[in-house]
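Here are my notes on this model. They take one helix and then the empty spaces.

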Amino acid sequence: MTDTTSNAPSGPLKGIRVLDLTAVVLGPLATQMLADYGADVIKVEPPEGDMMRANGISQHPGMSSIFLAVNRNKRSLAVDLKSPEGVAALRALIPQVDVVVHNMRVAAVERLGLGYEAVAKLNPKVVYCAATGFGQDGPHRDKPAFDDIIQAACGLVGVGSVGREQPDYTPSLIADKTTGLAVCNAVLAALLHRERSGQGQYVEVPMLETMAAFVLAEHMGGMTFQGSAVKAGYPRLLEGGRKPARTRDGWISMLPYTERHWQAFFVEVGRPELAERYSIANRQERNAQVRALYGHLRELSPLKTTAEWMALCEKLDIPATPIYALDDLPAHPHLKAVGLFEDAQHPTEGPIRQLRPTARFSATPTRVYRQAPTVGQHTSEILREAGLGEEAIARLKANRAVAGE
């Protein structure tokens, strides 16, 4: 059972304070990474809470599995941003923070008086990061953006639908999560610049541009060379050569890759002549036949059980793994050995299973030091730190400008 009785942050960002004006998954994942690295992240949410509190599996209202997964190590400040008093209370915090992150539409945050120019007047050294749907210098800057929309717009749905009867989305919030990683990286880079120069700055991380670059990293293809008649796309992936292979008793991901892998594989299965048939010794000729080559592997795979193939691949140093279902992951021998899954005690949800921070730091180790908060759990505590007295806090609560314990 993980000990979270000490709420003291640990990690390389200890001492950095983040004002987190994000919601759903993209922003909260980014700010959770900053919190995992030791930053004091103040999650600002409306009195009814982040909408993701209701999505996923819940034991109690407002504390869903998804919310728990992307909001650990944070403190919650519940503020009604439609209330001028609530906005004023939030502005009192700005001089004390190092980073402000939001994923609201820029026009909306400007109307609240929380745009970059207004925030920088209160705190010139602030790193201010806007996670937007579309870059603000383009015609789609004011359009709403959700994961499905960005998957479709960035080419991910298109490239994933090659050879299928109809397009479909990836069953993961991949646009949100990938952009969240980019937000975290951008904030860290801006903090490093501030450390060197003393200068804060405005940072924008747009979803569409981030995901288009993500998809095209291997799929630029013929678009790379001006005047080329070759289309975009990485043929090896688009031609569908590699696929899970059926075994005698299940499925396996098995990937002979090098000449040595293939030569040894065909010898072990008693088909050494296939090495010549598929020109294994010539990489270019082998790549030209990759679809047929992996198709032949799938013809052979039902001859053995998954365990037998795993033993053979281990012997030949061929990359391979059984196909794991989500519910099987806690039993994965590697994940179990490295302690990725932790049992913890949540103050309101009782015994839970969580994932530890995945990055390992030798000098500044990270850990889960605070469980995901209830709505407004730290409102009074945070407002006191901003210099508000008990009477002022009580008045804000009476006027419903803030909420929480």
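Which helices and strands cover the buried residues of H8? The points below start there; keep in mind that the model is predicted.

1. **What covers H8.** The cover over the buried residues of H8 includes three helices and strands from the earlier part of the chain list: helix H1 (26–36), strand S4 (99–102) and strand S5 (127–132). It also includes helix H6 (147–153), strand S6 (201–206) and helix H9 (207–219).

2. **Which residues are buried.** In H8 the buried residues are Ala175, Asp176, Thr178, Thr179, Gly180, Val183, Cys184, Ala186, Val187, Ala190, Leu191 and Arg194. Residues three or four places apart on an α-helix point the same way, because there are 3.6 residues a turn. Val183, Val187 and Ala190 are among the buried positions, and so are Asp176 and Arg194.

3. **Length of H8.** Helix H8 runs over residues 174–197, which is 24 residues. At 1.5 Å a residue it should span 34 Å. The C-alpha atoms at its ends are 34 Å apart, so the expected span and the model agree.

4. **After H8.** What follows the helix? Gly198 comes after H8. The phi of Gly198 is positive, near 80°.

5. **The cavity.** A probe the size of a water molecule, rolled over the atoms, shows where empty space is left. The count is 1 cavity of 30 Å³ or more. The largest cavity holds about 30 Å³ of space. Its lining consists of Leu19, Leu21, Leu90, Ile94, Val100, Leu114 and Val119. By class, that lining has 7 nonpolar residues, no polar and no charged.

6. **The largest pocket.** This pocket has about 1400 Å³ of space. Its lining has 38 residues; Ser65, Ile66, Ala69, Val70 and Leu355 lie nearest the centre. H1, helix H2 (65–70), H8 and strand S11 (350–355) each give two or more residues to the lining. The classes are 21 nonpolar, 10 polar and 7 charged.

7. **The second largest pocket.** Here the volume is about 1200 Å³. The lining counts 40 residues, with Ala23, Val24, Met51, Asn103 and Met104 nearest the centre. Two or more residues each come from strand S2 (40–45), helix H4 (106–111), S5 and H6. How does this lining divide into nonpolar, polar and charged residues? It has 23 nonpolar, 6 polar and 11 charged.

8. **Shared elements.** H8 gives two or more residues to the lining of the largest pocket. S5 and H6 do so for the second largest pocket, and both are included in what covers the buried residues of H8.

Definitions and conventions: Residues numbered from 1 in each chain as written. Predicted model: local features only at pLDDT ≥ 70, side-chain atom pairs only at ≥ 80, totals over all residues. Heavy atoms only, no water. Helix = DSSP H or I, 4+ residues; strand = E, 2+ residues; numbered from the N terminus. Expected span 1.5 Å × (residues − 1). Buried < 20%, exposed > 50% of the residue type's maximum accessible area, 1.4 Å probe, protein only. Contact = heavy atoms within 4.5 Å. 1 Å grid on protein atoms, 1.4 Å probe; cavity = no way out; pocket = protein on both sides within 12 Å on 5 of 7 lines; lining within 4 Å. Points joined across faces, edges and corners; volume = space filled by probe spheres on them. Nonpolar A, V, L, I, M, F, W, Y, C, P; charged D, E, K, R; others polar.
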